[in-house]
Amino acid sequence: MNIKKTLLIGLPIAALVMVAAIAGFVLLIFSLTRGATDAADRFLALSAEGKHHEAYLSTASAFRAQQDEASFITMMGQLGLDGYASASWPSRSIVNNEATLEGSVTTRAGAVIPVTMNLIKEKGEWRVLGLTVARGGIQPDVAGKQLPPDDELSRLVTRTLLDFNGALQARDFIAFHAKVSEFWQRQIAPEQLETAFQPLIDREVDLAAIEHVAPIFREPPALDENGMLVLEGYYPTRQARVIFELTYTYEHPQWKLFGINVGLQAQESQD
């Protein structure tokens with residue numbers, strides 16, 4: 001009887017110890033990520049106060065290299081983030097010098113916008129590297145998910161295929177791999193890309209001729225059900241058509257390659 005009482009009393013005490021340990025761990029995480037969350041809040045507050053130039057300068061150098069200040073201001077307005085009133089970051093993580101914050105922004109109008117923000121430490125300061133707004137949120141990610149104009153899509157395809165051609169000529173896919181989407185980078189290594197396209201390397205395929213030829217899209221460019229940008233078409237180059245099927249995913253602030261299929265079609269077989 002006494003033993004049973006001891007057990008019944010002991011279990012709640014163990015549970016309290018466990019809860020205390022978990023609470024301490026959560027407090028530690030929140031303490032370690034405080035600098036990143038403060039930087040994120042400061043960035044949003046600057047935009048809300050109309051201090052767009054200061055907000056832009058508070059982003060990481062890689063961010064500014066990919067997006068100019070005018071486009072940045074437009075994006076913040078389209079996303080509704082320039083109406084920031086407060087933010088909550090319940091999910092936080094830091095790996096080396098990079099932080100990921102997941103939470104929501106509440107605007108002055110009362111809208112709640114789910115946001116994921118990535119930050120990087122540069123010269124001892126946390127700076128915004130990228131941000132995305134959940135597709136299912138109050139405010140859609142129109143800046144990233146809207147279909148770019150045709151001339152921009154043509155430049156995107158040409159740039160991708162010229163980078164790909166550079167890898168073929170160098171017989172080295174390390175530089176090309178560094179430019180594809182981070183999600184795809186985690187799935188495939190440069191060596192695997194090289195193996196996949198070894199037949200083109202062995203045939204000494206050179207796609208340089210596409211640089212001065214506009215691509216023709218077989219199907220209208222579109223976003224699929226997963227929000228991926230799908231581009232299919234060809235370059236009507238003299239020797240042979242360069243056929244392409246490219247898939248991109250949006251990683252702020254630009255579309256990044258997620259899948260590639262390239263081939264050549266002889267003149268006599270063209271329709």
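**Entry 1. Strands S7, S8 and S9**

I began with strands S8 and S9, which pair in the antiparallel sense over twelve bridges. The model I am reading is a predicted one. For a single pair within this ladder I looked up Tyr250, and I found its bridge partner in S9 to be Trp255. I then turned to the other pairing of S8 that I had noted: S7 and S8 are also antiparallel, with seven bridges between them. There I recorded Phe244 in S8 as the bridge partner of Gly233. The connection from S7 to S8 is a hairpin through four residues.

How many of the twelve residues of S8 are buried? I read ten, so I describe the strand as mostly covered, buried being under 20% relative accessible area.

**Entry 2. Thr249**

I next took one residue of strand S8, Thr249. Is Thr249 buried or exposed? Its relative accessible area is 15%, and because buried means under 20%, I enter Thr249 as buried. Setting aside neighbours within four places in sequence, I listed its contacts as Ser181, Met228, Gln254, Trp255, Lys256 and Phe258. Trp255 in this list is also the residue that bridges to Tyr250.

**Entry 3. Aromatic pairs**

I searched the whole structure for aromatic pairs and obtained eleven. I examined Phe164 and Phe197 in detail: their ring centres are 4.8 Å apart and their planes stand at 75°, so I class the pair as edge-to-face. Phe164 belongs to helix H7, and Phe197 to the loop between helix H10 (190–196) and H11, so the pair ties together parts that are 33 residues apart in sequence. I checked the burial of each partner. Phe164 has a relative accessible area of 0% and is buried; Phe197, at 10%, counts as buried too.

I then returned to Tyr250 and Trp255. Their ring centres lie 5.4 Å apart with the planes at 70°, so this pair is edge-to-face as well. Both residues are buried.

Two further notes on rings follow. I found Phe43, Tyr56, Phe63 and Phe72 in one aromatic cluster. I also found Arg241 over the face of Tyr234, at 4.0 Å from the ring centre.

**Entry 4. Helix H7**

Does the span of H7 agree or disagree with its number of residues? Helix H7 covers residues 150–170, which is 21 residues, and at 1.5 Å a residue I expect a span of 30 Å; the end C-alpha atoms are 30 Å apart, so the two agree.

I listed the buried residues of H7 as Leu153, Ser154, Leu156, Val157, Thr158, Thr160, Leu161, Phe164, Asn165, Ala167 and Leu168. I keep one general point beside this list: an α-helix has 3.6 residues a turn, so residues three or four places apart point the same way. I then asked what covers these positions. The elements I found include helix H8 (174–177), helix H11 (198–202), strand S5 (216–217), strand S7 (229–235), strand S8 (240–251) and strand S9 (254–266). After H7 comes Arg171, for which I noted a positive phi, near 55°.

**Entry 5. His177**

From helix H8 I selected His177. Its relative accessibility is 11%, so His177 counts as buried. Leaving out neighbours within four places in sequence, I recorded contacts with Gln185, Ile188, Ala189, Pro190 and Leu193.

**Entry 6. The four-stranded sheet**

I moved to the open sheet of four strands, whose order is S1-S2-S3-S4 with antiparallel pairing. Which strands stand at its edges? I identified strand S1 (84–95) and strand S4 (125–133); each has a single partner strand, so one side of each is left without a neighbour in the sheet. From one strand to the next the twist averages 30°.

Between strand S3 (residues 112–122) and S4, which run antiparallel, I recorded eight bridges. Among the residues involved is Ile120, with Arg127 in S4 as its bridge partner. Helix H2 (residues 34–48) packs on the sheet, where I found it touching S1, strand S2 (98–107), S3 and S4. The direction of H2 makes about 150° with that of S1.

**Entry 7. Totals**

I closed with values for the whole protein. I noted eleven helices and nine strands. Of the 271 residues, 37% are buried. Among contacts with a separation of 6 or more, 53% come from residues 24 or more positions apart.

Note on methods:
Residues are numbered from 1 along each chain as its sequence is written. This is a predicted model: local features need pLDDT of at least 70, side-chain atom pairs count only at pLDDT 80 or more; totals for chains, interfaces and linings use all residues. Side-chain values use heavy atoms; hydrogens and water are left out. Helices (H or I, at least four residues) and strands (E, at least two) are DSSP runs, numbered from the N terminus. The expected span of a helix is 1.5 Å times one less than its number of residues. Buried means under 20% relative accessible area, exposed over 50%, partly exposed in between (1.4 Å probe, protein chains only). Contact means heavy atoms within 4.5 Å. Two strands pair if DSSP finds at least two bridges between them. Axes are lines fitted to C-alpha atoms, for helices over the stretch in contact, and angles run from 0 to 180 degrees between N-to-C directions. Rings of Phe, Tyr and Trp (its six-membered ring) pair if their centres lie within 6.5 Å; planes under 30 degrees apart count as stacked, over 60 as edge-to-face and the rest as tilted. A charge sits over a ring if NZ of Lys or CZ of Arg is within 6 Å of the ring centre and within 35 degrees of the ring normal.
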